[in-house]
Each structure stands twice: as C-alpha cells, then as structure tokens.
Amino acid sequence: MIELNGVTKLYKSVIGVNEICLALPRGAHGLLGPNGSGKSTLINLITGQLRPTIGRVQVFGQRPWNNRGVLRRIGLCPEQDVLYPNVTGLEWVSYLLELYGFGRSEARRRAEEALERVGLAPAMHRKVGEYSRGMRQRAKLAQAIAHEPELLILDEPFNGLDPVGRHALTELLREWVHLGRSVLLASHILYEVEAITH
Ligand code: ADP
Ligand code: MG
C-alpha cells in the first residue's frame, strides 16, 4: 500500500527524514517517535503535501505528489488546524467534498453523515471559529473520512480530545479497520495506538 525507497526530505539544511525505506501492506499501522523525529514529514510525503528531496514515495503503486487519482483514495487529518473560521462545520466539509468533485447535494449529504459520525451533528451549523479545540479536531476528522477513502492518515488526532472523545475516536478507527479499510496513525497516546493497530 505504501512504499518508500531511500527517501530523504531536507528543509534547506535541516533533515526532516533521512533515507527511509519502508513497505506497508494494507491494514492499520502506528507511527511512533518523539517530537521532531519526522512523523509529520513522513505523513506529508505520503499524502503528497511534500515532495522527497531524494528517493521515491509510492502509495497504491503510484507517486502521490500532484496525483489526483491517488489523493482521492487517501483521507488526511493533518496536525495543524486548517479550518476557515467564518464558515460552519457543514459548509466547510461540504466545500472540501465539492473540491473532490462531488455535486452540491451529494457533498452536503456526505458532509452531514461524516459530521454525525464524529459526533459534531449538534454543532455543524455553528461557525468553525467558535469551535473548541476538540471540536476542531473532530471537524478535521470528518473531512478526512467524508469521501470514504481507502486509506485514512491521521497526524496526532488525539490532541485536544477529552477522554470521551479519545474513546469515540478509537472506536471509530477500530470499526474503520474492521470494515477492511486502512489506517496510518501518528500519535503519542500509546494505549490508543495499541488498541487500533497491530
Ligand atoms: P514530528 O512530526 O515527528 O514531530 P517533524 O516531521 O515535524 O517531526 O519534524 C522533523 C524535523 O524536520 C524536525 O527537525 C523539524 O524541526 C524539521 N522541520 C519540520 N518541518 C519543517 C519546516 N517546514 N521547515 C524547516 N524544518 C522543518
Ligand atoms: Mg508532527
């Protein structure tokens, strides 16, 4: 599913990741390492947000960089907040689905369903700028799953979630994997990683 051959990413003279060789089959995988060890860099390479300085990254047998066909099959819950404060959660997720090519009513239907799945249904008509940190985290998760990707990639998704939210996310991801879809998860919450991945 994911294959990296001799992948190095440099940020000018700073090493993001160094000579990574990795082959991951479909399934659930945890990405563990201390702060600054390159987890986000690796995720951004795999999801086509970054291009390797050296080496080759392949997802589903193709390079993800600037590759719409591959990127459609991936859902990304990024580390940073990338939400627009002046739109509602529903408008935001619907808009991203329209960018994927879904028609307006289908995008809205899928957005509602995804927001419900992450427990944001009561807040989906409120402005994202009014959301708490945990609610923003849930909104990011909703946009990552709304197009039903085969591979869901999450960068520290438990950040900002209360214990109930962490439990709900763990259950959602376990079910996701149980339905035969794949997950790559970067997290420091080792207990949850252990519960979700092999
Ligand atoms: P992690 O997600 O495991 O905390 P990162 O991938 O964010 O690690 O960082 C790996 C290394 O790359 C760190 O030394 C970090 O300072 C550096 N780095 C990450 N992003 C940038 C950037 N945009 N510009 C310069 N250096 C960066
Ligand atoms: Mg990181």
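This section describes the overall fold, the ligand shell, and two buried residues of a predicted model.

The protein contains seven helices and seven strands. Along the sequence these elements follow the order β-β-β-α-β-α-β-α-α-α-β-α-β-α. The C-alpha trace extends over about 45 × 35 × 35 Å along its principal axes. The radius of gyration is 16 Å, which agrees with the value near 16 Å for a compact globule of 198 residues. Of the 198 residues, 49% are buried. Among contacts in the protein with a separation of 6 or more, 65% are made by residues 24 or more positions apart. The protein exposes about 10,200 Å², of which carbon and sulfur atoms supply 50%.

The shell around ligand 1 consists of Tyr 11, Val 14, Ile 15, Gly 16, Pro 34, Asn 35, Gly 36, Ser 37, Gly 38, Lys 39, Ser 40 and Thr 41. By residue class, four members of this shell are nonpolar, seven are polar and one is charged. Two secondary-structure elements, strand E2 (14-24) and helix H1 (39-46), each contribute at least two residues to the shell. Polar atoms of the protein approach oxygen atoms of the ligand at several positions, among them Ser 37, Gly 38 and Thr 41. At Ser 37, a polar backbone atom is 3.3 Å from an oxygen atom of ligand 1. At Gly 38, the corresponding distance from a backbone N or O atom to a ligand oxygen is 3.0 Å. For Thr 41 a polar side-chain atom is involved, at 2.6 Å from an oxygen atom of ligand 1. On its own, ligand 1 has 560 Å² of accessible area, and the protein covers 60% of that area.

Helix H1, which supplies part of the ligand shell, is mostly covered, with seven of its eight residues buried. The buried positions are Lys 39, Ser 40, Thr 41, Leu 42, Ile 43, Leu 45 and Ile 46. Of these, Lys 39, Ser 40 and Thr 41 also belong to the surroundings of ligand 1. After the helix comes Gly 48, which has a positive phi, near 70°.

Ile 46 lies in helix H1. Its relative accessibility is 0%, and it therefore counts as buried. Beyond its neighbours within four places in sequence, Ile 46 is in contact with Ile 2, Leu 4, Val 57, Val 59, Pro 64, Ile 74, Ile 153 and Leu 184. With respect to His 188, Ile 46 is 142 residues away in sequence, and the two C-alpha atoms are 20 Å apart in space.

A second buried position was examined in helix H5 (residues 133-145), where Gln 137 is found. Gln 137 has a relative accessibility of 8% and so counts as buried, the cut-off being under 20%. The side chain of Gln 137 makes a polar contact of 3.1 Å with the side chain of Lys 140. When neighbours within four places in sequence are left aside, the contacts of Gln 137 are with Cys 77, Glu 156, Pro 157, Asn 159 and Leu 161.

Technical notes: Residues numbered from 1 in each chain as written. Chains lettered and ligands numbered in written order. Predicted model: local features only at pLDDT ≥ 70, side-chain atom pairs only at ≥ 80, totals over all residues. Heavy atoms only, no water. Near = heavy atom within 4 Å. Polar contact = N/O pair within 3.5 Å; in protein donor to acceptor, adjacent residues only side chain to side chain. Areas by Shrake-Rupley, 256 points an atom, 1.4 Å probe, with all protein chains shown as cover. Helix = DSSP H or I, 4+ residues; strand = E, 2+ residues; numbered from the N terminus. Nonpolar A, V, L, I, M, F, W, Y, C, P; charged D, E, K, R; others polar. Rg over C-alpha atoms; globule rule 2.2 N^0.38 Å. Buried < 20%, exposed > 50% of the residue type's maximum accessible area, 1.4 Å probe, protein only. Contact = heavy atoms within 4.5 Å.
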